[in-house]
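Please examine the sequence and the three-dimensional structure shown below. The paragraphs that follow lead through a few of its features in turn.

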Amino acid sequence: MDNQTVSKPGFARVVMLAAFLLALVHQYLFYGKMPGISYPIFVVLFYAFMFYFGKEKLRKHNWFSYMWMGSVFLLSLTYALFGNWFFFGLNFLVIPAVILLHMTYMLSYRLPSWGGFGLIGAALEHFFPQSLRHWNTAVKLLRRSQGGVSNARKQVLIRIVIGLLISVPLLLIVTSLLSTADGVFNRLLSELPGYFDNISFGEWISRALWIILLGLGMFGFVWGFIDSKSYIRTYPPSGLDTLTEQDVNEPEEESIGVDDPIIITTVLAVINAVYMLFVSVQFSYLFGAWEGILPDGKTYADYARSGFFELILVTAINFAILLLSLLAVRKAGGGLKRVIQILLYILVLCSMVMLYSAYARLTLYEEAYGYTYIRFLVHAFMIFLGLLLVLAAVRISRAEFPLLKCYIVLGLLSYVLMNYIGMDHIIARQNIQRYAASGTLDANYLAGLSADVVPELIEFSKQEKGILDEALRSRLSDRSEPLKSWPSFNLAKFQERRELEQYFEKGVAH
C-alpha cells in the first residue's frame, strides 16, 4: 500500500467515503436527466471536495487561478441560464478539460507553470496513471477494513443474522393477525407488491455501477494528488557533462533548422512580395465594395463568397509562420534581426488586410443570405485571430513579452465571453433588421433558434401579424411536458414555456 495510505489509513477511508457520497450525488443530479442547475451545483461540490482533501498539496492562489476558477463557474452556470445547443454540447468537453488543468496546476507535485506546455503533460499524467493506480488502493482499503474485523464483531454479526431468521416466522404471524384486525392495514399490505413492480432492477444496477465507477474515479483522482508517484525520469549524465576544456573550445558544426534566421528571412521576403501585390489589388475594390464598386461581372453574393475561406486559411498559415519566425528573431543578431522584424511587421499588416477583406466579404454575404450560427462563429473567430496577430506584433520587438500567457488568458476570456455574449439574440436581431430592410426572412431558421430568444420572436410575430405563430405553436407543442425534476431546471427554457403559454392563451388570432 502507498505511503500516505499506510500512514493515514483513516484519512484515506474518509476521502474514499466522501468520493462515493459525491458520486451518489452525481447520479442523483444527472442520471436520466438533462444538465441544468445541477451542473454548477456539482462543480461547486467537486471543487470543495478537491480543495478540502488536497489542502496539504494546494498551491497559493494567484490572480490567474481565481480567474480560472471564476471562468469554470461561469461556464457551468450556462447550463442553468441559457439554451444554446452549440455551447451546451461544446461545454461538455471544455469544462472538464479546464477543470482538469486547473486541478493539476493547483495540486500537482510537479508545480507546473500555467503558461507552459508542461501543464498539459502533468494533467494527462494525473488523469491516467496517477488516478488509475489508486483504484487498487481503494480495493486494498476495503479489504483491509474487512480483514480488520475482530472475532467479537463477527460474533455480533452472527447473532444479528440468527435474530433475523427467528423474526421471519414471527413477522408472518403478527402481520397476519394485524391485517385481520384492521382493514386499512390489510389494504396497505396488499398494495405493497405494487410498489416493487415500479422498480426497475436494471436501472438500479446501472445506478450502482455509475456510483461505483465514478466513486473509484474521484477517489483515484484526488488521491493521485495527495499520494503522487513521481514519473519524472532522470537520465544518466550525458557526454556534455564530461566535456574537457579542449572539447569546449573546439568549433561546433552549425546545425540548420527551419528557424534558421537566413532561411526565415528568405521565406518572409518571398511571401511578403506576393502578399503586398495581393493587398494592393484588394485596396482597389475592398473599400469600394460597400459603395457598389465591385470587380467586373461580380454581384455582392459572388464577391462575398469568392475566396473567403481561402483568405481565412492563408491568414492562419501566416500566423503559424509568424510564430515560427519569432524563434528566428532570438537567434539573429545585428542587422539581420532588424530585417526579420521589419518583414514580420509587413507580414502582420498584410494578414490584417486579408482578415479584414474576409470579414467584409462575410458581412456582405450575410446581408444577402441572412445570419446563422456558423457565420456568427466565423466572425468571432476572425476577430479572435486578429487579436492574436496584434499580440504577436507586440512580441516582435519585445522579447520579454509573455506571448503564450497572453494567448491563454485571451483564449479563456474569449470563450467565456462567447458563452455570455448572446449569440442567438444577435442573430435574431440582425435577421429581423434584414427583414425590415429587404422583406426577406428565413422564418423556419429564425423560429429554430434557442430558447434564449423566444420573447423577442413573440414580440416580432406580434408586430408582423403572426408571421411566426405557426412555428411558435409547434415549438410549444414540442415542449408541452412540464419540468419533472429540479436538477434539470434551465431559466431560458422555463421562460420560453411560460412566454409561449401566455402568448397563445390570450387567444391570438391573425
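In this predicted model, the side chains of E501 and R497 form a salt bridge, with 2.9 Å from N to O. Both residues belong to helix α22 and lie four residues apart, about one turn of the helix. An α-helix has 3.6 residues a turn, so residues three or four places apart point the same way. E501 counts as partly exposed because its relative accessibility is 26%, and partly exposed lies between the cut-offs of 20% and 50%.

Helix α22 also takes part in a salt bridge between E496 and R475, at 2.5 Å from N to O. This pair links distant parts of the chain, since E496 is in helix α22 and R475 in helix α21, 21 residues apart. E496 is buried, with a relative accessible area of 2%, and R475 is buried at 6% relative accessibility.

Helices α21 and α22 are among the partners of helix α20, whose buried residues pack against them and against α18 and α19. Which residues of α20 are buried? They are V454, L457, I458, F460 and S461. These residues lie on the same side of α20, because they cover an arc of only 165° around the axis.

Elsewhere, E125 in helix α6 forms a salt bridge with R110, the closest N and O atoms being 2.6 Å apart. E125 is buried at 6% relative accessibility, whereas R110 is partly exposed at 33%. Helix α6 also gives the most to a nonpolar surface patch, with five residues. The patch covers about 710 Å², and one of its members, L404, is located in helix α17.

Technical notes
Residues numbered from 1 in each chain as written. Predicted model: local features only at pLDDT ≥ 70, side-chain atom pairs only at ≥ 80, totals over all residues. Heavy atoms only, no water. Patch = residues over 30% accessible without salt bridge, like charges linked within 9 Å, V, L, I, M, F, W, Y side chains within 5 Å. Areas by Shrake-Rupley, 256 points an atom, 1.4 Å probe, with all protein chains shown as cover. Salt bridge = Lys/Arg side-chain N within 4 Å of Asp/Glu carboxyl O. Helix = DSSP H or I, 4+ residues; strand = E, 2+ residues; numbered from the N terminus. Buried < 20%, exposed > 50% of the residue type's maximum accessible area, 1.4 Å probe, protein only. Arc of directions from axis to C-beta. Contact = heavy atoms within 4.5 Å.
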